[in-house]
Every structure is written in C-alpha cells, then in structure tokens.
Amino acid sequence: FGLPGNPVGSLVCFELFVRAAVRKMRGVEPPIWRRVVVPSNMPLHEFAWALIRAMGWNGCHLHMYDVAGTKYGSISPDWESLGELDEESFRIDDVLPAVGSELRFDYDFGDGWEHDVVVEAIEPVDPAATYPSCVDGARACPPDDVGGPHGYQEMLDVLADPRLEDPNQVRAWARDGWAADRFDVAEAGTAMQEPLPRSLGGTAP
C-alpha cells in the first residue's frame, strides 16, 4: 500500500494470509510504497494500525477505508461520523476477499493522504513467519502534518536546493536523519508489531 506506486499483504482465515501492496500514495512522485503480509481475519481497526506504522505515519490522525464507495472507520462520540461503518465490526477478508481486491485507505483528513491498497496474493501461512509483517517497500514516509502532497513536494524542493528560500519553514518538517529515499524494511516490520493505541481500541497510550 502506499502513495502512488505501492504494495501490501494480509492473512485470510486462520490458514491463509493475504499479501497486499500499498501500490501508491496518491499525488506523490516518485512512488512511496509498501508490501505487507497480514492475517485475513485481522479486524480492520488493527489493519489500519498495521498500514499506518508500515508506512511510517505516527498515527495521530483519523483514518478511513473506502471500498467501492462503502466507508469504514473508527466510530467515537468524540468526533462527528461521516456515515462510515464501524471498522471494529469487520475483518480484512470482509473487504479484501480475493486476489486483485482493492480499497483506498485515507489518513489525516486535513492533509488528505490517500493510499491505494491491492491484494497481490492469498497464500498458506508460514508457521515460521511473524504476522503482521512488512516484506518490501521504497522511500520514506512524508512527515506527519507536512501539508499533504503539495506541502511534501515543497519540502522536497527546498531540501534539494539550500539556496531556495523557506518562507513556510518546511525544512523543520524533516525529522533528524530523515531522507526521502530512505526505507528500512526491518524497521517498518518492527513498527507494525507495536501495541494498538487506545484511540484504535487497544491498550497502549
């Protein structure tokens, strides 16, 4: 899954897993993408956290799935519903039932990041593997709150040419050690194993 041009994966039932790809993060070039493997019986709120952390987002913003016009999201009295179904009541295999199934994963409604996710394969579980996991990917995730695809491109332009003025202080959005072409698959996999936060129905702060 990802910003224009990305791959992901997932598990179906207890005996199968789905290999999904974030094919692309819309509006971003070169493509930022991830390929993940997750259980197909994983609830959608847990899948959201897996996608968020595989990409490299910090998870501090709302998200939503769009599956052929049907929306799934986190239902809470703390924010207004957009008419979405409760993601905690559905699993990956409810919305991605077959190879080639697709959905759009939206993150941070203000910045407007849209990720195209597609199922590349549904395969038997490897007893020696750990799920969820990230198995491939390319390029670093944009910093949270950078201003969406437009703000991200502005940041790349300014970082690439120190002679350019930086009236919006976008250089400050680049985290210490952040580089657009950097991606560590082991780091992404470890992030996917982090406990689910309370905001997504988990117990972690």
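**Exercise 1. State the order of helices and strands along the sequence of the protein.**

Solution. Read along the sequence, the elements follow β-β-β-β-α-β-β-β-α-β-β-β-α-α. The protein has four helices and ten strands. Helices (H or I, at least four residues) and strands (E, at least two) are DSSP runs, numbered from the N terminus. The model is predicted: local features need pLDDT of at least 70, side-chain atom pairs count only at pLDDT 80 or more, and totals for chains, interfaces and linings use all residues. Residues are numbered from 1 along each chain as its sequence is written, and side-chain values use heavy atoms, with hydrogens and water left out.

**Exercise 2. Describe the aromatic pairs that involve Tyr152 and Trp113 or Tyr152 and Trp178.**

Solution. Step one is the search: the whole structure contains seven aromatic pairs. Rings of Phe, Tyr and Trp (its six-membered ring) pair if their centres lie within 6.5 Å; planes under 30 degrees apart count as stacked, over 60 as edge-to-face and the rest as tilted.

Step two takes Trp113 and Tyr152, whose centres are 6.5 Å apart with 75° between the planes, an edge-to-face pair. This pair links distant parts of the chain, with Trp113 in strand β9 (residues 113-124) and Tyr152 in helix α3 (residues 148-160), 39 residues apart. Trp113 has 1% relative accessibility and therefore counts as buried; the cut-off for buried is under 20% relative accessible area, with exposed over 50% and partly exposed in between (1.4 Å probe, protein chains only). Tyr152, at 2% relative accessibility, counts as buried.

Step three takes Tyr152 and Trp178, which are edge-to-face at 6.4 Å centre to centre and 90° between the planes. Here Tyr152 in helix α3 is linked to Trp178 in the loop between α3 and α4 (185-192), 26 residues apart. Tyr152 and Trp178 are buried.

Step four places these residues in one aromatic cluster, formed by Trp57, Tyr107, Trp113, Tyr152 and Trp178.

**Exercise 3. Determine how helices α1 and α4 are oriented and which residues meet.**

Solution. The axes of α1 (residues 44-55) and α4 come within 8 Å and cross at roughly 150°. Therefore α1 is roughly antiparallel to α4. Axes are lines fitted to C-alpha atoms, for helices over the stretch in contact, and angles run from 0 to 180 degrees between N-to-C directions; under 35 degrees counts as roughly parallel, over 145 as roughly antiparallel, 65 to 115 as roughly perpendicular and the rest as oblique.

Next, Ala50, Arg53 and Ala54 in α1 meet Ala188, Ala191 and Met192 in α4, where contact means heavy atoms within 4.5 Å.
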